[in-house]
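Welcome, and please have your viewer ready. We will go from the whole chain to a few chosen residues, one selection at a time.

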Amino acid sequence: VEAAWRLLMPVFDAWAVAPPGDFPNYAAGTWGPEAAQALVAQQGHSWPLPIDLEEFPPEPKGSAETAASQKPLKGVRLKEVR
């Protein structure tokens with residue numbers, strides 16, 4: 001552990017004196033910097049972005065038969081629990 005601190009402290013000290021100006025930092029609680037999305041987009045990929053669950057109504061309350069009789073979401077398989 002001491003060797004690791006000896007190795008890393010000069011790096012931390014240099015960053016404290018001259019922080020990088022273009023570091024793609026982001027606020028806590030967000031989904032990361034736009035630079036991360038752009039990086040994977042260069043290769044034709046993307047990270048799936050979350051949905052806001054508050055936009056959707058709550059699941060119906062009732063018996064198992066009521067829930068089972070409703071149509072499942074497209075592409076989603078529901079497992080019956082007994």
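**The whole chain**

Of the 82 residues in the protein chain, 1% count as buried. Keep in mind as you look around that this is a predicted model. Show the molecular surface next: the accessible area of the protein chain is about 8,500 Å², and carbon and sulfur atoms account for 62% of that area. Now switch to a cartoon view. The protein chain has three helices and zero strands, so from the N terminus on you will read the elements as α-α-α.

**Stop one: a nonpolar patch**

Select Val1, Trp5, Leu7, Leu8, Met9, Val11, Phe12 and Trp15 together. These residues make up a nonpolar patch on the surface, and their combined accessible area is about 830 Å². Then pick out Leu7, one of the patch residues. Leu7 sits in helix H1, which covers residues 2-17. Is Leu7 buried or exposed? Leu7 counts as exposed because its relative accessibility is 63%, and the cut-off for exposed is over 50%.

**Stop two: Trp47**

Move on to the loop between helix H2 (34-41) and helix H3 (64-69), where you will find Trp47. Trp47 counts as exposed too, because its relative accessibility is 55%. Which residues does Trp47 touch, leaving aside those up to four places away in sequence? Display the side chains of Gln37 and Val40: these are the contacts of Trp47. To finish, draw a distance between the C-alpha atoms of Trp47 and Ala36. The two residues are eleven apart along the chain, and their C-alpha atoms are separated by 9.0 Å.

Definitions and conventions: Residues are numbered from 1 along each chain as its sequence is written. This is a predicted model: local features need pLDDT of at least 70, side-chain atom pairs count only at pLDDT 80 or more; totals for chains, interfaces and linings use all residues. Side-chain values use heavy atoms; hydrogens and water are left out. Helices (H or I, at least four residues) and strands (E, at least two) are DSSP runs, numbered from the N terminus. Buried means under 20% relative accessible area, exposed over 50%, partly exposed in between (1.4 Å probe, protein chains only). Contact means heavy atoms within 4.5 Å. Accessible areas come from the Shrake-Rupley method with a 1.4 Å probe; for residues, only the protein chains shown count as cover. Patches are made of residues with over 30% relative accessible area and no salt bridge: like charges are joined within 9 Å, nonpolar side chains (Val, Leu, Ile, Met, Phe, Trp, Tyr) within 5 Å. A salt bridge is a side-chain nitrogen of Lys or Arg within 4 Å of a carboxyl oxygen of Asp or Glu.
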